[in-house]
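Work through the exercises below with the sequence and the structure side by side. Try each task before reading its solution.

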Amino acid sequence: MVQKIGLCKGRHEIREVQDYIFSQDVNPLDVKGLEETALEIVSKIEADELHIYVTGLTVALIASLNACKKLNKKVVLYHFDRTSGEYYPQEVL
(Lines give C-alpha, C1' and ligand atoms only; values in the text may rest on other atoms or scores of the structure.)
Protein backbone atom coordinates (compact mmCIF):
# COMPACT_ATOMS: atom_id res chain seq x y z
CA MET A 1 0.00 0.00 0.00
CA VAL A 2 1.27 3.48 -0.95
CA GLN A 3 0.51 6.79 0.80
CA LYS A 4 1.16 10.16 -0.88
CA ILE A 5 2.08 12.91 1.58
CA GLY A 6 3.59 16.38 1.45
CA LEU A 7 6.56 17.41 3.54
CA CYS A 8 5.61 20.90 4.86
CA LYS A 9 2.11 22.35 4.52
CA GLY A 10 1.85 25.87 3.16
CA ARG A 11 5.22 26.08 1.43
CA HIS A 12 3.93 25.03 -2.01
CA GLU A 13 0.56 24.12 -3.45
CA ILE A 14 0.62 20.39 -4.19
CA ARG A 15 -2.52 19.05 -5.85
CA GLU A 16 -1.40 15.43 -5.45
CA VAL A 17 -1.61 15.41 -1.63
CA GLN A 18 -4.05 16.19 1.16
CA ASP A 19 -1.88 15.38 4.19
CA TYR A 20 1.51 16.61 5.35
CA ILE A 21 4.18 15.36 7.73
CA PHE A 22 4.63 18.89 9.06
CA SER A 23 1.28 20.69 9.06
CA GLN A 24 2.43 23.65 11.19
CA ASP A 25 5.38 26.04 11.23
CA VAL A 26 8.75 24.31 11.35
CA ASN A 27 11.69 25.44 13.48
CA PRO A 28 14.73 24.32 11.44
CA LEU A 29 16.98 24.63 14.51
CA ASP A 30 14.96 22.05 16.49
CA VAL A 31 16.33 18.90 14.87
CA LYS A 32 15.23 16.65 17.73
CA GLY A 33 11.71 18.09 17.72
CA LEU A 34 11.45 17.66 13.95
CA GLU A 35 12.44 14.00 14.24
CA GLU A 36 9.94 13.42 17.06
CA THR A 37 7.15 15.01 15.02
CA ALA A 38 8.05 13.07 11.88
CA LEU A 39 8.20 9.80 13.83
CA GLU A 40 4.82 10.51 15.42
CA ILE A 41 3.14 11.28 12.07
CA VAL A 42 4.80 8.53 10.04
CA SER A 43 4.04 5.90 12.70
CA LYS A 44 0.30 6.59 12.22
CA ILE A 45 0.48 5.80 8.50
CA GLU A 46 -0.47 2.21 7.74
CA ALA A 47 1.09 2.16 4.28
CA ASP A 48 4.48 0.48 3.95
CA GLU A 49 5.57 2.87 1.18
CA LEU A 50 5.48 6.67 1.34
CA HIS A 51 5.62 9.01 -1.63
CA ILE A 52 6.83 12.26 -0.09
CA TYR A 53 6.38 15.47 -2.08
CA VAL A 54 9.40 17.59 -1.19
CA THR A 55 8.75 21.24 -0.32
CA GLY A 56 12.21 22.35 0.72
CA LEU A 57 13.59 22.53 4.26
CA THR A 58 16.33 19.94 4.19
CA VAL A 59 16.26 19.42 7.98
CA ALA A 60 12.57 18.48 7.80
CA LEU A 61 13.26 16.09 4.92
CA ILE A 62 16.11 14.38 6.80
CA ALA A 63 13.93 14.08 9.92
CA SER A 64 11.23 12.43 7.82
CA LEU A 65 13.68 10.06 6.14
CA ASN A 66 15.08 9.08 9.55
CA ALA A 67 11.55 8.36 10.81
CA CYS A 68 10.79 6.24 7.74
CA LYS A 69 14.01 4.29 8.20
CA LYS A 70 13.22 3.60 11.88
CA LEU A 71 9.77 2.35 10.87
CA ASN A 72 10.98 0.32 7.86
CA LYS A 73 8.97 2.33 5.35
CA LYS A 74 10.01 2.43 1.71
CA VAL A 75 10.32 6.02 0.44
CA VAL A 76 10.04 7.65 -2.95
CA LEU A 77 10.65 11.41 -3.03
CA TYR A 78 8.88 13.63 -5.53
CA HIS A 79 10.66 16.79 -6.67
CA PHE A 80 9.13 19.67 -8.64
CA ASP A 81 10.28 20.27 -12.21
CA ARG A 82 9.83 23.98 -12.96
CA THR A 83 10.00 23.39 -16.72
CA SER A 84 7.17 20.86 -16.95
CA GLY A 85 5.26 21.93 -13.84
CA GLU A 86 5.12 18.29 -12.75
CA TYR A 87 6.76 16.23 -10.02
CA TYR A 88 9.31 13.52 -10.79
CA PRO A 89 10.26 10.57 -8.54
CA GLN A 90 13.53 9.66 -6.82
CA GLU A 91 13.65 6.35 -4.95
CA VAL A 92 15.42 6.37 -1.59
CA LEU A 93 17.53 3.26 -1.13
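Helices here are DSSP runs of H or I with at least four residues, numbered from the N terminus. On that basis, glutamate 35 is found in helix α1, residues 31–43. The model is predicted.

**Exercise 1. The fold**

Task: State how many helices and strands the chain has, and give their pattern along the sequence.

Solution.
- Step 1. Count the elements: there are 2 helices and 5 strands.
- Step 2. Read them along the sequence: the pattern is β-β-α-β-α-β-β.
- Step 3. Look at how contacts are spread. Take those between residues at least 6 apart in sequence; 58% of them join residues at least 24 apart.

**Exercise 2. Dimensions and surface**

Task: Find what radius of gyration a compact globule of 93 residues would have, and set the chain against it.

Solution.
- Step 1. The expected value for a compact globule with 93 residues is near 12 Å.
- Step 2. The chain has 12 Å, which agrees.
- Step 3. Add the extents: the C-alpha trace spans about 35 × 30 × 25 Å along its principal axes.
- Step 4. Turn to the surface. The chain exposes about 6100 Å², and carbon and sulfur atoms supply 48% of that area. Of the 93 residues, 40% count as buried.
- Step 5. Place the charges. The chain has 11 positive and 14 negative charges, and their mean positions lie 2 Å apart.

**Exercise 3. Strand β3**

Task: Decide whether strand β3 is enclosed or open, and name the strands that pair with β3.

Solution.
- Step 1. Use the cut-off: a residue is buried under 20% relative accessible area.
- Step 2. Apply it to residues 49–53. Here 5 of the 5 residues of β3 are buried, so the strand is largely enclosed by the rest of the structure.
- Step 3. Check the two faces. Glu49, His51 and Tyr53 lie on one side, Leu50 and Ile52 on the other, and both faces are covered.
- Step 4. Take the pairing with β1, residues 2–8. These strands run parallel and are joined by 5 bridges. Lysine 4 has histidine 51 of β3 as its bridge partner.
- Step 5. Take the pairing with β4, residues 74–81. It is also in the parallel sense, over 5 bridges. Lysine 74 in β4 stands opposite glutamate 49.

**Exercise 4. Two residues of helix α2**

Task: Determine the burial of cysteine 68 and serine 64, then list their contacts beyond four places in sequence.

Solution.
- Step 1. Locate cysteine 68: helix α2, residues 58–70. Serine 64 is placed in helix α2 too.
- Step 2. Read the accessibility. Cysteine 68 has a relative accessible area of 1% and is buried. Serine 64 has 0% and is buried.
- Step 3. List the contacts of cysteine 68: Val42, Leu50, Ile52, Lys73 and Val75.
- Step 4. List the contacts of serine 64: Leu7, Ile21, Phe22, Ala38 and Ile52.
- Step 5. Add a distance. Cysteine 68 and aspartate 48 are 20 residues apart along the chain, and their C-alpha atoms are separated by 9.3 Å.

**Exercise 5. Positive phi in the loops**

Task: For leucine 57 and asparagine 72, give the phi angle, the loop and the exposure class.

Solution.
- Step 1. Leucine 57 is not a glycine, yet its phi is positive, about 55°. Leucine 57 sits in the loop between β3 and α2.
- Step 2. Its relative accessibility is 24%, so leucine 57 counts as partly exposed.
- Step 3. Asparagine 72, again not a glycine, has a positive phi of about 55°. Its loop runs between α2 and β4.
- Step 4. Asparagine 72 has a relative accessible area of 68%, so it is exposed.

**Exercise 6. Two partly exposed residues**

Task: Which contacts do glutamine 3 and glutamate 35 make beyond four places in sequence?

Solution.
- Step 1. Place glutamine 3 in strand β1. Its relative accessible area is 23%, which makes it partly exposed.
- Step 2. Glutamine 3 touches Asp19, Ile45, Ala47, Glu49, Leu50 and His51.
- Step 3. Valine 31 is 28 residues from glutamine 3 in sequence and 24 Å away in space, C-alpha to C-alpha.
- Step 4. Return to glutamate 35, partly exposed at 23% relative accessibility. Its contacts are Ala63, Asn66 and Lys70.
- Step 5. Glutamate 35 and isoleucine 45, 10 residues apart in sequence, are 16 Å apart, C-alpha to C-alpha.

Note on methods
Residues numbered from 1 in each chain as written. Predicted model: local features only at pLDDT ≥ 70, side-chain atom pairs only at ≥ 80, totals over all residues. Heavy atoms only, no water. Rg over C-alpha atoms; globule rule 2.2 N^0.38 Å. Buried < 20%, exposed > 50% of the residue type's maximum accessible area, 1.4 Å probe, protein only. Contact = heavy atoms within 4.5 Å. Areas by Shrake-Rupley, 256 points an atom, 1.4 Å probe, with all protein chains shown as cover. Lys, Arg positive; Asp, Glu negative; His and termini not counted. Charge placed at Lys NZ, Arg CZ, Asp CG, Glu CD. Pairing = 2+ DSSP bridges.
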